[in-house]
Structure formats: structure tokens, C-alpha cells
Amino acid sequence: MKECLCIETISYPVVFKNGITHYKLECVDCGRFIKWKPQNSSEFKLWFGKHKDKKLKEIPHDYLMWLKENNSNKKLVNKVNNYLEACVA
Ligand SMILES: [Zn+2]
């Protein structure tokens, strides 16, 4: 049996009851849960697309605006909205 090294991870946001968003990291290959990572919205990383693995604060606002209009993932859109609102505030 080949042991998975769990090098490639995928992460996605999960909002906890206390309102804090954590990232759930899982192995892409075997699906093993790796760890929870707390994130605030500017540290939030995209897990897909041309800005994959970039933090929201590193991504051009045009792209984020486009993303929130064109993405059906509500959690992601909320995160992007929170970030953009925090930026203009
Ligand atoms: Zn693995």
C-alpha cells in the first residue's frame, strides 16, 4: 500500500458558530483532513482559477468584483464581499 504524503492540499472556508472563518485543509489525493487554519478575509486564499493560492489582498479588485458576480459559491462571495467592504471602509 502506497502511503500518501499529503503534500497537495485543498482548503475551503467553513464559518464557525462564533463567526470566525477557518480554512479546512484536506489532501487533494487521499482526502485526509490535515488541519484547521483560522483566516481573516484579506488572508483568505482562492483555491481555484487564475489567482489560485493567492490571498484576497493580493488579487486585483476587478477580478474580485468579477468573481462575486460570476461565482455561485455563496461562502466565497460573502468572503469577497466582506473583504471589499473592509477595503473601502
Ligand atoms: Zn493524502
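**Exercise 1. Decide whether Lys 2 is buried or exposed.**

Step 1: Lys 2 has 5 C-beta neighbours inside 10 Å. Step 2: Recall the cut-offs, with C-beta atoms placed from the backbone: a residue is buried if 20 or more other C-beta atoms lie within 10 Å of its own, exposed if 12 or fewer, and partly exposed in between. Step 3: Lys 2 therefore counts as exposed. Step 4: Now find Lys 2 in the segment before β1; strands are DSSP runs of E of at least two residues, helices are runs of H or I of at least four, and both are numbered from the N terminus.

Before you go on, note that this is a predicted model, where local features need pLDDT of at least 70, side-chain atom pairs count only at pLDDT 80 or more, and totals for chains, interfaces and linings use all residues. Residues are numbered from 1 along each chain as its sequence is written.

**Exercise 2. Classify Cys 6 and Asp 53, and describe their phi angles.**

Step 1: Cys 6 is in the segment before β1, and it counts as partly exposed because it has 16 C-beta neighbours inside 10 Å. Step 2: Asp 53 sits in the loop between β3 and α1; with 10 other C-beta atoms within 10 Å, Asp 53 is exposed. Step 3: Phi is near 55° for Cys 6, a positive value in a residue other than glycine. Step 4: For Asp 53, also a residue other than glycine, phi is positive too, near 70°.

**Exercise 3. Describe how the two domains meet.**

Step 1: Look up the bounds, which come from an automatic or database domain assignment: domain 1 is 7–39 and domain 2 is 40–89. Step 2: Their centres, taken over C-alpha atoms, are 17 Å apart. Step 3: Six residues of domain 1 and seven residues of domain 2 take part in the contact, where two residues touch if their C-beta atoms, placed from the backbone, lie within 7 Å. Step 4: On the domain 1 side, strand β1 (residues 9–15) gives the largest share, four residues.

**Exercise 4. List the largest nonpolar core and the contacts of Leu 64.**

Step 1: A nonpolar core is a set of buried Ala, Val, Leu, Ile, Met, Phe, Trp, Tyr and Cys residues joined through C-beta atoms within 7 Å. Step 2: The largest one holds five residues, namely Phe 44, Leu 56, Leu 64, Val 80 and Tyr 83. Step 3: Leaving out residues up to four places away in sequence, Leu 64 touches Leu 56, Ile 59, Val 80 and Leu 84.
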